[in-house]
Amino acid sequence: MHQLGPASIVEVLKERISSTLDRRISFRDYMEICLYQETVGYYRKDQIKIGKQGDFYTSSSIGTVMGEMVASFIYNHLRTQSNLPPYLEIVEWGGGNGRMARQLLDEMNQAAPDIYERLTYTLIESSAYHRQLQQEVLVEHVDRIRFVDETVWLSEPPSDHVYVLANELLDAFPIHRLQYKDGAFHESFVIWQEEEPLLQEIWLPLGPGRILDYLNALEVQWQEGQISELNLEAIDWYVRLSGRMRSGCVIAIDYGDREEELYASHRHQGTLMCYRKHEAHDNPFIDPGEQDITAHVNFSLCQKAAVSAGFEPSVYQTQRQFLVEQGILEKLQNHFDPNPFSEVSKRNRSIRQLLLSDGMSELFKVFVSIKKGESA
């Protein structure tokens with residue numbers, strides 16, 4: 001029998017469920033509490049989550065090349081314009097340990113110092129623990145960075161030349177968990193019971209509303225019992241960004257696919273996965289607050305949301321394609337070095353790992369949407 005996580009998160013869940021009229025909360029709310037509760041949520045706690053000593057790896061965990069390639073995309077995009085803007089802002093949403101920001105800023109400073117001098121790198125990070133890590137990692141770029149709360153940034157006047165970077169952000173937005181059963185859709189809810197297991201999932205018929213409207217618009221041959229996820233937070237995120245950006249682009253890097261793949265019959269159990277100490281499983285009710293909970297990003301949904309919000313989709317490709325187009329192969333160095341721990345050897349190894357290892361660069365996608373303002 002798996003033990004539930006720390007009593008504090010269990011108490012939070014118990015209290016939240018018990019305080020509702022129907023003695024239940026949606027899976028979406030359960031996931032939000034487990035990941036983002038202010039003191040005991042997974043992403044809020046003072047513990048390492050990324051890398052060898054954490055629960056999972058990200059692309060920026062592998063060498064320094066991922067951030068360099070994103071920097072390359074941004075300065076190449078800027079150089080297509082007739083004149084460099086006097087000011088630009090790169091906004092990283094949920095920057096984790098700060099490695100991506102460090103890689104990007106190091107590369108920008110070296111390869112495009114004229115752009116580096118004009119930029120502000122804004123980090124929107126809700127975790128105090130991660131903000132501290134970012135401040136330590138980015139000390140050499142202190143004159144270029146600022147930390148700001150999401151609400152504060154969104155309330156600032158709309159501006160031009162804003163580049164928003166979301167690296168493995170959208171997959172961690174709370175999702176609605178759905179099931180097609182007896183010719184109708186049902187939604188997952190979580191109840192509390194006094195005997196083990198304390199947290200129990202139940203399925204209730206889905207009533208009229210935004211979720212059902214979306215599902216009914218899909219051209220999918222649903223299988224009996226098929227489970228799927230819906231990330232409405234991603235739609236709302238693009239809408240909020242649009243109100244803050246007059247011009248610029250949004251770069252979303254995440255694992256996911258188009259709707260026809262995500263809702264295909266072979267994905268009968270959906271895509272929800274949990275990660276703890278680099279072990280993956282699909283039970284989100286084990287160890288609440290102690291494990292990451294994610295679901296594949298629906299990039300068809302992101303594209304529709306971006307277009308509706310006033311963006312123009314410009315890139316949708318695998319991470320591998322993106323890296324090759326940005327010149328990653330030029331970073332490989334021909335050399336004979338018997339020392340496998342030399343900087344050149346380690347760098348070449350990280351590039352090959354990004355391009356070849358376990359399908360990561362095929363599973364991960366890069367979606368870029370551009371907003372063109374009058375002065376862009």
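A nonpolar core is a set of buried Ala, Val, Leu, Ile, Met, Phe, Trp, Tyr and Cys residues joined through side-chain atoms within 4.5 Å. The exercises below apply this idea to a predicted model.

**Exercise 1.** Find which residues touch the most other members of the largest nonpolar core, and which elements contribute to this core.

*Solution.* Begin with the membership: the largest nonpolar core holds 42 residues, and among these Val-164, Trp-237 and Tyr-238 touch the most other members. Next, look for the elements that give two or more residues to this core, which are strand 2 (88-93), strand 5 (162-167), helix 8 (210-216), helix 9 (232-244), strand 10 (248-257) and helix 11 (299-308). Helix 9 gives the most, with six residues. Then take Trp-237 and leave aside residues up to four places away in sequence: Trp-237 touches Trp-93, Val-164, Ala-166, Leu-169, Leu-170, Phe-173 and Val-250. Finally, a second, separate core has 38 residues, including Val-65, Leu-123, Tyr-255 and Val-315. As background, nonpolar side chains in soluble globular proteins tend to be buried together.

**Exercise 2.** Determine how the strands are ordered in the open sheet of three strands, and why one side of strand 12 and of strand 13 is left without a neighbour.

*Solution.* Start with the order, which is 12-11-13, with antiparallel pairing. Strand 12 (279-281) and strand 13 (292-294) stand at the edges and each has a single partner strand, so one side of each lacks a neighbour in the sheet. From one strand to the next, the twist averages 25 degrees. Now consider one pair in detail: strand 11 (residues 273-276) and strand 13 pair in the antiparallel sense over three bridges. Met-273 has Thr-294, in strand 13, as its bridge partner.

**Exercise 3.** Decide whether helix 2 is largely enclosed or not, and list its buried residues.

*Solution.* The test for a buried residue is a relative accessible area under 20%. In helix 2, the residues that are buried are Phe-27, Arg-28, Tyr-30, Met-31, Ile-33, Cys-34 and Leu-35. Because seven of the 10 residues of helix 2 (residues 27-36) are buried, this helix is largely enclosed by the rest of the structure.

**Exercise 4.** Describe the protein as a whole through its elements, its burial and its contacts.

*Solution.* First, the protein contains 14 helices and 16 strands. Second, 56% of its 376 residues are buried. Third, of the contacts with a separation of 6 or more, 76% come from residues 24 or more positions apart. Last, the protein exposes about 17200 Å², of which carbon and sulfur atoms supply 50%.

Terms used:
Residues are numbered from 1 along each chain as its sequence is written. This is a predicted model: local features need pLDDT of at least 70, side-chain atom pairs count only at pLDDT 80 or more; totals for chains, interfaces and linings use all residues. Side-chain values use heavy atoms; hydrogens and water are left out. Buried means under 20% relative accessible area, exposed over 50%, partly exposed in between (1.4 Å probe, protein chains only). Helices (H or I, at least four residues) and strands (E, at least two) are DSSP runs, numbered from the N terminus. Contact means heavy atoms within 4.5 Å. Accessible areas come from the Shrake-Rupley method with a 1.4 Å probe; for residues, only the protein chains shown count as cover. Two strands pair if DSSP finds at least two bridges between them. Axes are lines fitted to C-alpha atoms, for helices over the stretch in contact, and angles run from 0 to 180 degrees between N-to-C directions.
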